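Let's take a walk through this fold together, one neighbourhood at a time. Have the coordinates open as you read, and follow along.

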Amino acid sequence: MFRKLHYHINNYKFSIVSIIILLGTISLVLIQKLQDSDENQFERQLYGLIFGFFVMFVVSLIDYHFIAKLYILLYLGNIVLMMICKYVTYSMFPLVYGWQHFQARRWIKIGGGGRAGQGFEFMPSELTKIILIVCVATILVRVGERMNRFWYLAGILVFGMFPIFLVFDQPDFSTSIVLIATFLFMLYIGGLSYKIIVPGLLVGIPLVSFLFWYIQQPFQKLLDPVWQQPRILSILHPERYPDLMYQQNNAAAAIESGGMFGKMIIGDDSFRLTNYVPVVESDFIFCSVAEEFGFFGCLVVVGFFFLLTFIGFRIAMNARDRLGYLIASGISVAICLQTIVNIGVVVSLLPNTGIPLPFMSSGLSSLLTNMMTIGVLLNVGLQDKNTALEKEKYDMDLKVLLKDDLK
């Protein structure tokens with residue numbers, strides 16, 4: 001579990017830790033300004049960050065091979081949590097039950113007596129991201145080149161798509177997109193043959209185009225006609241859905257008002273347009289970055305995420321084995337995609353489906369899960385190729401010394 005002999009302080013990616021600290025600090029500054037006088041979101045986020053760094057450090061010392069050995073338990077445990085979230089109600093089991101916000105049943109509530117604002121809530125779909133990455137990476141390593149055989153590939157697709165379907169059914173469209181893209185990316189880097197990829201693209205691209213047309217039709221059955229479909233239509237025809245575009249339109253106005261340098265930087269104490277953006281401290285915190293720190297502040301934040309992704313892929317390339325390569329690559333692309341989708345929603349390029357900005361959005365489920373995910377990434381970095389070679393050389397030298405002593 002804790003393979004101390006494989007770790008060296010020089011291999012600990014403090015650059016990643018520094019980026020997380022900077023993003024977390026920016027988040028705290030913004031949340032303190034955004035929260036109402038009767039709220040304690042700043043304190044919750046601060047305590048969440050402190051505990052999150054502790055979780056990240058502990059997880060970073062746990063050998064990712066040990067975590068991968070538990071992939072069946074992790075997979076089944078995640079499925080159970082998703083089932084509780086969707087199907088268990090307070091009347092059925094008042095201690096742990098599914099909970100709903102804004103027409104979406106994405107939360108598990110512990111205690112609280114079935115009342116809003118009471119008890120502890122968390123989103124199991126956040127755990128699905130890292131669990132799916134670890135489980136798929138483990139399966140791909142175990143299957144190897146056999147993944148290109150029909151039945152093996154079919155089994156992997158069912159294995160990966162089932163938890164994604166449960167997330168989609170909550171409904172959580174944006175997280176589903178991130179999970180599907182991450183899953184397909186891992187199949188690609190896992191060794192999926194071009195004999196499968198090329199026909200898949202030839203069939204998949206027209207199919208996706210047809211589905212995109214289909215979900216816009218009044219007779220479609222894939223999306224909820226009250227909650228999901230109008231969000232897709234609103235981004236295509238914003239003038240027809242002013243109510244649904246209210247949050248994104250006000251976010252755009254807040255972004256524009258920030259200018260090049262932002263109101264906080266130039267000392268502008270005028271009214272903040274982010275006050276008109278609902279739950280701005282969560283999924284729409286990026287528009288507050290724009291209003292307070294301006295265009296250059298947005299570039300800095302985006303640059304941090306780009307650098308985090310780049311370092312993640314470097315860790316993947318230097319991983320000691322294929323398992324570490326797949327896990328680090330999956331984590332890197334998942335963080336990158338989640339960032340792109342979140343910012344895409346805020347700037348009205350994508351439908352408003354609700355996905356947090358990693359390490360910045362208010363919300364302990366997302367924050368702690370992302371910190372845990374970074375911990376796994378750091379552990380892969382601790383066990384890079386050079387460290388593995390040094391360990392092998394150390395073991396060989398030790399054996400030679402022991403033989404000399406025995407003589």
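Strands E1 and E2 run antiparallel and are joined by 5 bridges. Keep in mind as you look that this is a predicted model. Within this pair, Val 96 stands opposite Ile 110 in E2. The two strands make a hairpin, with 2 residues between them. Look at the turn: Phe 102 has a positive phi there, of about 50 degrees.

Now step across to the other neighbour of E2. Strand E2, residues 104-110, is joined to E3 by 3 bridges, and this pair runs antiparallel too. Here Ile 110 comes up again, since it stands opposite Phe 120 in E3. Ile 110 thus faces Val 96 of the hairpin pair and Phe 120 of E3.

What order do the strands take in the whole sheet? The 3 strands form an open sheet in the order E1-E2-E3, with antiparallel pairing. The edges are E1 (96-101) and E3 (120-122), each of which pairs on one side only. On average, neighbouring strands of this sheet are turned by 40 degrees against each other, if direction is ignored. As background, strands of a sheet pair through backbone hydrogen bonds, in either a parallel or an antiparallel way.

Which helix packs on this sheet? Helix H4, residues 71-87, does, and it touches E1, E2 and E3. The direction of H4 makes about 105 degrees with that of E2.

From H4 we can move on to helix H6, residues 150-168. The axes of H4 and H6 come within 10 Å and cross at roughly 25 degrees. An angle under 35 degrees counts as roughly parallel, and H4 and H6 are therefore roughly parallel to each other. The crossing of H4 past H6 is left-handed. On the H4 side, the residues that meet H6 are Tyr 71, Tyr 75, Asn 78, Ile 79, Met 82 and Met 83. Their partners in H6 are Val 158, Phe 159, Phe 162, Pro 163, Leu 166 and Val 167. Sorted by class, this contact has 11 nonpolar residues, 1 polar residue and no charged ones.

Another helix pair is worth a visit further along the chain. Helix H10 (residues 246-258) packs against helix H12 (residues 285-317) at an angle of about 20 degrees, and their axes are 6 Å apart. That angle makes H10 roughly parallel to H12. Their crossing is left-handed. H10 contributes Ala 251, Ala 254, Ile 255, Ser 257 and Gly 258 to the contact, while H12 brings Cys 287, Ala 290, Glu 291 and Gly 294. By class, the residues of this contact divide into 5 nonpolar, 3 polar and 1 charged.

Lys 263 has links to both of these helices, so to speak, and its surroundings deserve a pause. The residue sits in helix H11, residues 263-266. Is Lys 263 buried or exposed? With 7% relative accessibility, Lys 263 counts as buried. Apart from neighbours within four places in sequence, Lys 263 is in contact with Ser 257, Gly 258, Asp 268, Ser 270, Phe 271, Arg 272, Glu 291 and Glu 292. Several of these names are familiar: Ser 257, Gly 258 and Glu 291 also take part in the contact of H10 with H12. Gly 294 is another residue to check here, as its C-alpha atom is separated by 7.3 Å from that of Lys 263, although the two are 31 residues apart along the chain.

Our last stop is the loop between helix H13 (322-346) and helix H14 (364-382), where Ser 348 is found. Ser 348 is not a glycine, yet it has a positive phi of about 65 degrees. Its relative accessible area is 25%, so Ser 348 is partly exposed. Phe 359 has its place in the loop between H13 and H14 as well. Phe 359 has a positive phi of about 70 degrees, again without being a glycine. At 2% relative accessibility, however, Phe 359 counts as buried.

Beyond the loop, Thr 369 lies in helix H14. Thr 369 is buried, with a relative accessible area of 6%. Leaving aside neighbours within four places in sequence, its contacts are Glu 126, Leu 127 and Ile 130.

Note on methods
Residues numbered from 1 in each chain as written. Predicted model: local features only at pLDDT ≥ 70, side-chain atom pairs only at ≥ 80, totals over all residues. Heavy atoms only, no water. Axes fitted to C-alpha atoms, helices over the stretch in contact; angles between N-to-C directions. Helix = DSSP H or I, 4+ residues; strand = E, 2+ residues; numbered from the N terminus. Parallel < 35°, antiparallel > 145°, perpendicular 65-115°, else oblique. Left-handed = near helix turned anticlockwise from the far one by under 90°. Contact = heavy atoms within 4.5 Å. Nonpolar A, V, L, I, M, F, W, Y, C, P; charged D, E, K, R; others polar. Pairing = 2+ DSSP bridges. Buried < 20%, exposed > 50% of the residue type's maximum accessible area, 1.4 Å probe, protein only.
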